[in-house]
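User: Please take a close look at one part of this model, the surroundings of the ligand. Tell me what lines the site and what touches what.

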Amino acid sequence: MIKIENLSKRFRTEDVETTALNEINLEIKEGEFVAIMGPSGCGKSTLLNILGMLDSPSSGNYYFNKQEVGNQKESQRNAIRKGNINFVFQSFNLIDELNVFRNVELPLNYLNVSKADKKARVLEVLDRMKIGHRKNHYPQQLSGGQQQRVAIARAVSANPKLLLADEPTGNLDSKTGLEVMNLLTELNSEGTTIVMVTHSERDAEFAHRVIRLFDGEVMTEKTAKEFATINY
Amino acid sequence: MILNQILKNKKWYSINTLGIGLAFAVALIIFTHVKKELSYDNFHSKADDIYRITTEDQQLEGQPPTSGIDGRLILPLYTNFPDIKEVVRLIHPDNTIITADKNNFSSKQLFFTNSQFFKIFDYKLLRGNRANLFNQPNQVVISKKTALAYFGTEEAIGKEINIQVQYLYSKSGNYTVAGVMDDFPDNSHFKADLLFSINNNEDINQFHTYTYLLLQKERNLSSLKNLINAYWKKNTKDGEPNPISQLMPLRDIHLYSHNADEMSTNGSMTSLIILIAGALIVFLIAFINYTNLNYVQFITDLKDFKIRMINGASLVDLGQIIFIRSLLPISFAILLGGLLAYNFDTISASSFNMNISAFDLLWISLIFYLIFALASLLPLATTKVSKDLAHSPYQGSKKFVASLLFQFMLSIAAIITTIVLHKQINLVNNLHPGDEKSAIVIMPDVPYHMIAKFEVLKESFLEHSEIRNVSAAFYKPGLNIPFSYPFEMEGIDKTVEKKLNMFSIEEDFFKLFNIKPLAGSLDMGITSSIPWENIALRIHDQNPNKDEFIKNLNAYTKEHGGFQEKYILNQSALKVLGIQNPEDAIGKSFQFNFMAPELFQKGKVIAVIGDLHYGDMFSKEEPMVLASKNLFNSTFIAKIDPRRKAEALQSLKTEWETLSPDHPFRYEFVDDLYEQIYFNQYKEMKALTLFSILSIILSVLGMFALSSFSIQHKTKEIGIRKANGSTSLEILMLLIKEYTQWVIVAFLIACPIAYYIARDWLSNFAYRIELSWWIFIVSGVMALIIAILTVSWQTWKAATQNPVEALKYE
Ligand SMILES: Nc1ncnc2c1ncn2[C@@H]1O[C@H](COP(=O)(O)OP(=O)(O)O)[C@@H](O)[C@H]1O
Ligand SMILES: [Mg+2]
């Protein structure tokens, strides 16, 4: 589903140039659940953003479903992303002025979905995330765990093929974090490909595979099980 | 959702609504006003072919020409020029008494005219037959208003009106109402209430006749002018100046003609340009505020927009959201502005007679919707939202520097020009004679029989304690009427042909206007009496009984107590005479060479006064010699107790009517007279003051919002600084320094602009204030203080906050 060849990303700010990603090669198959780990500032978010086509690589290629998208125009990338990819962020990123229902409805608004279908779909996802009873509330009225569940509901309401999660449990206590991880695992088992950045070894165990980044480079790629044995 | 937005940002929304609302009100008002000013006399179907003919005045330099021409020049125009189809004469006599239904009336809006009037002009006739008007002698056409006032009904056809005309005696008599016209529209450059008939080619030797020509569609203006000039020249006696014709299109009269004796105070293109510029400035400032706040709003919302894009929204989707969001505040603004504009007369306590048409309201609203709704999309169009969706960098306040500079600049320029205008109007008011101009009553155009009774009237006036001084003069304040004559004066070379202006005053004139002499004494002692003047006036070369009259006069003079003629010079006269020291003129003998030489006897110069500035200030003070000839003093003047105005007016009226039951009491206040003369300048001053205030209020609001935004983003910086030991004051000083720099730059740009505008405006006046440097400094300092106060308000709150609080806030 995803293939990355010799991909680099450099940032220019005033006088310094930072290399966030350096000649990375990577492949992710449809249906996989991949965790990305590494120290702060090693380029995890940058990689995720490029995978999600929110950002473009400085050099190298990115094939999404065999199609080269890394060097596409913005509008092209936006079109491919629409309906195919969605995100879950550490800071939830809900829109404060919209209530839960409207937030979750958001991706469907920009696809050709009838009003009735939209409503049915939103209610269904909200129920699955066990947040249906809060559908008329505003984000500020919800706890962190609830907000993240709404964010996940929004991310999957349009049935994306790829779900990108950047430290989804980073702002949550361990119990709610666990709930969120269970939801993600469930989604993955239903066919959604998931790439998740995390700091937590425990969360990484939910993934099929862990990719370790260091200073913009892939250090090791192992399955969670392998890591588990190594660490013990 | 929109409501949520508005509640969350009510400060910014209300600033925008107020700004757009004011700009909308100003746009509506100015547009309506300008449209009216440009529409003057458009309603005549033949407007494009009608011209007013005047003559260039060659008598005196620096004086505007009059609006009428010498009656003797008109008759030849009827027949000798194929380009001229019709000629309409309008004669406005002073001193008339009208009697209708046994009541006396007076009207300023009365004219004698010929039947062609109704052929070339389209004033609407309500009663009567247009084709037959004035086909019989002694007919009169009156306005609806007049019909109602005189006869209590519009059905006035066939009624009689009697008119007594002092200086056009042959036209006095009974006239039959032949038509009733609708009241003249507001956008007519003159308004007539009574039109008395004269014959088309009746030879009326009236010195001052308003004359309109209907020209052929195919015409050659310059050759027509040349032909007229040549014809006039051929018929001018040797030694008299040749009249030079001027043709002004009817529709230009209102805005471009500023002759003497206009039929009513005209508008001015300069005023219109000032008004339009002012409106544009208010609009620009409101627009800048709007775009700035919009941008700020956009930055605040950027994160949400990015989230929407991540969830599949396109730029068009975002544009739609922003566009729809902008409509509500714009609607509020238009509602507010519309209310302000429709109630402008009440709010400003003025009588602009705002007649805003529904159609104008509609399309101007639409334009506002369009401009501001589209402007709300500007930040979206200029920011790459979809680029770097993952990051939302904060864009600093550098972006606003240019617009802040611009607003400061406009505000400073507005303050400077407002001060200049106020100072100039003030100067003009102070230069004109009279301390309390609102307490000086003028009775203009007094008829002869009342002039003859002046002494009696004066005495009866003065019996009332609320009437303090009574005097009389040649003509009313504000006029500049040249009566210049050659003279002889002791010590002045006779061979040099010079002329001085004669201005006649009654002996108490100086006391009333509180005028002090530069040299000599203003005590006129015994002056000539009216009977004496009447005899003297008849002694001239054409009079066959000249010698007998002289004998009579001399006898009468002795009987009369042997008065001595006294003359008073003004400073401009001294200059013409080449006398440096006013004292040197005192006691010198002087005599006017008047056409009736006995009227101004040889006498002595008793005093020199500063320039009187009795007339308007658009032209320089004429060299004047003041003398007392009571026969000429057809303007009575009374100074009253300002606290007992109503009482005083009543007393004046009662005494007047006791002596002259036939001729109604008419009065004007001197301050009103001058205000009328400077009508356009007052209008400009008031408008500019209003615009300045609006600009400053809007700029302050904009600055307030912007600084609150940047403070919000600086809170963390302030917190860090404080944590590192800076005091609140130091932080404040830093910000003040920043704003001061901008104000100084804006000041440097504004000064030359304001200087240029102010100088241009002042050039209207012959006497101007100096554009002293302090006006500029004061304006700059004012702007600076306003800026600092606005910014400090916000900063102080932030700076005095506990640093921990500030750091937490981020
Ligand atoms: N928009 C940006 N501009 C400049 N430098 C950036 C930007 N985003 C990330 N970086 C830099 O790139 C490197 C990787 O950042 P990031 O991918 O956010 O790290 P991580 O998510 O692993 O903590 C860091 O050194 C960071 O400072
Ligand atoms: Mg990160």
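Analyst: What follows is a walk around the ligand site. Keep in mind that this is a predicted model.

Start with position. Ligand 1 sits between chains A and B. Twelve residues surround ligand 1. Those that come nearest are A:Gly41, A:Gly43, A:Lys44, A:Ser45 and A:Thr46.

Now the polar contacts. A:Thr46 uses its side chain: a polar atom there is 2.5 Å from an oxygen atom of ligand 1. A:Lys44 takes part through its backbone, with a polar atom 2.9 Å from a ligand oxygen. A:Cys42 also offers a polar backbone atom, at 3.2 Å from an oxygen of ligand 1. How much of ligand 1 does the protein cover? On its own, ligand 1 has 550 Å² of accessible area, and the protein covers 69% of that.

Next, the elements behind the shell. Three elements of chain A each give at least two residues: strand 1 (2-13), strand 2 (16-28) and helix 1 (44-51). Helix 1 of chain A makes the largest contribution, with three residues. A:Lys44, one of the residues that come nearest, falls within the span of this helix, 44-51.

Last, the chemistry. Which class dominates the count: nonpolar, polar or charged? The shell has eight polar residues, against three nonpolar and one charged.

To put the site together: ligand 1 lies between two chains, A and B. Helix 1 of chain A supplies the largest share of its shell. Its oxygen atoms have polar partners in the backbone of A:Cys42, the backbone of A:Lys44 and the side chain of A:Thr46.

Key. Residues numbered from 1 in each chain as written. Chains lettered and ligands numbered in written order. Predicted model: local features only at pLDDT ≥ 70, side-chain atom pairs only at ≥ 80, totals over all residues. Heavy atoms only, no water. Near = heavy atom within 4 Å. Polar contact = N/O pair within 3.5 Å; in protein donor to acceptor, adjacent residues only side chain to side chain. Areas by Shrake-Rupley, 256 points an atom, 1.4 Å probe, with all protein chains shown as cover. Helix = DSSP H or I, 4+ residues; strand = E, 2+ residues; numbered from the N terminus. Nonpolar A, V, L, I, M, F, W, Y, C, P; charged D, E, K, R; others polar.
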